[in-house]
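This briefing introduces a structure to a reader who has not met it before. Please view the sequence and the model first, then follow the points below by topic.

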Amino acid sequence: MITYFEAGTRDFLFYRKEGFPKVTETDRLGIERHWQELQKKNPTGLFNGQIYSCNAFDDDGHRLAIGVNQVDYKTYKWARDKKRLIPGAYTMGNCMLLFDPKRESFTLLQRSSGVAFDTGKISGIGGVLDYKQMDMRNFIGYVEQATIGEVAEEVRLQGGLKAVALLGLYWDTETYKVEFAYYGEAEVQGVKADENKKVIEVPKTELASFTKQNGYRIEASTRVHLNHFASKLSSISRQS
């Protein structure tokens, strides 16, 4: 089940909680075999980086206490592909719903056939949260800067990125996957030359219908954020 929290409804407390993910020796062998199979399908190479994951999530109505750990990408990919519900194995992610005021539209990206995973899927601008040593009191600041960095890496902008704000986050109660969504404004000129993706422009007035019509063409985590945000925009429009 997905639980969504809008920005401003909770305070955050992030803390390290080691010893996760809890996998057996048999699991480890399975992880290695699965990664080797993926490498055979993608001879140009896959990067097994270190990423953040969530292994504990508590909500007391005022504050979200989120336990985090370090995990490698191949463990996450194995857990996801094999549908293993293991806390501390699924990546923590980030996503930006980037609005172009000039075009009155949101910018989404669609992966091409040249990418290793989620071929053809539509998503917001974002990815996984790379692991780095830091003071956990600065974690939400790190998430915001990482999200801004994803935008700078993936799309070409005319001028700077403005009005960056956290929209909310969701928690999957089965996998413990956590993803943060941000809003930002900028005039988009296109994707960076080395990105195997193309821009999908969605007019602000069509965001809800686009999300509904495209269903599972939209990457699962982005779909959660779009459904929530489109519903909020619709509510604001009715009130005005």
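**Helix α4 and its two sides**

On the face of α4 that is turned away from its buried side lie the exposed residues Lys212 and Gln213. The model described here is a predicted one. The points that follow begin with this helix, then take up the cavities and three individual residues.

**Helix α4**

- Helix α4 spans residues 207–214, and its buried residues are Leu207, Phe210, Thr211 and Asn214.
- These buried residues lie on the same side of α4, because they cover an arc of only 95° around the axis.
- Just after α4 comes Gly215, which takes a positive phi of about 40°.

**Cavities**

- The structure holds two cavities of 30 Å³ or more.
- The largest cavity contains about 50 Å³ of space.
- Its lining is formed by Tyr4, Glu6, Leu97, Leu167, Ala181, His225, His228, Phe229 and Lys232.
- The elements that give two or more residues to this lining are β1 (2–6) and α5 (220–239).
- Helix α5 gives the most to the lining of the largest cavity, with four residues.
- By class, the lining of the largest cavity has five nonpolar, two polar and two charged residues.
- The second largest cavity holds about 30 Å³ of space.
- Phe5, Glu6, Ala7, Gly8, Thr9, Arg10, Phe12 and Leu64 make up the lining of the second largest cavity.
- The lining of the second largest cavity divides into four nonpolar, two polar and two charged residues.
- Glu6 appears in the lining of the largest cavity and also in that of the second largest cavity.

**Asp27 in helix α1**

- Asp27 is placed in helix α1, which covers residues 25–41.
- With a relative accessible area of 9%, which is under the 20% limit, Asp27 counts as buried.
- A polar contact of 3.1 Å joins the side chain of Asp27 to the side chain of Arg84.
- When neighbours within four places in sequence are left aside, Asp27 is in contact with Trp78 and Arg84.

**Lys197 in strand β11**

- Lys197 is found in strand β11, made up of residues 197–203.
- Lys197 counts as buried because its relative accessibility is 18%, and the limit is under 20%.
- The side chain of Lys197 makes a polar contact of 3.2 Å with the side chain of Glu154.
- Not counting residues up to four places away in sequence, Lys197 touches Leu109, Gln110, Arg111, Ser112, Glu154 and Val191.
- Glu154 is thus named both as the polar partner of Lys197 and among the residues that Lys197 touches.

**Thr175 in the loop between β9 and β10**

- Thr175 lies in the loop between β9 (155–172) and β10 (178–191).
- Thr175 is buried, with a relative accessible area of 8%.
- Not counting residues up to four places away in sequence, Thr175 touches Leu85, Ile86, Pro87 and Tyr90.
- Thr175 and Gly88 are 87 residues apart along the chain, and their C-alpha atoms are separated by 8.3 Å.
- A polar atom of the side chain of Thr175 lies 3.2 Å from the backbone nitrogen of Lys177.

Key:
Residues numbered from 1 in each chain as written. Predicted model: local features only at pLDDT ≥ 70, side-chain atom pairs only at ≥ 80, totals over all residues. Heavy atoms only, no water. Buried < 20%, exposed > 50% of the residue type's maximum accessible area, 1.4 Å probe, protein only. Polar contact = N/O pair within 3.5 Å; in protein donor to acceptor, adjacent residues only side chain to side chain. Contact = heavy atoms within 4.5 Å. 1 Å grid on protein atoms, 1.4 Å probe; cavity = no way out; pocket = protein on both sides within 12 Å on 5 of 7 lines; lining within 4 Å. Points joined across faces, edges and corners; volume = space filled by probe spheres on them. Nonpolar A, V, L, I, M, F, W, Y, C, P; charged D, E, K, R; others polar. Arc of directions from axis to C-beta.
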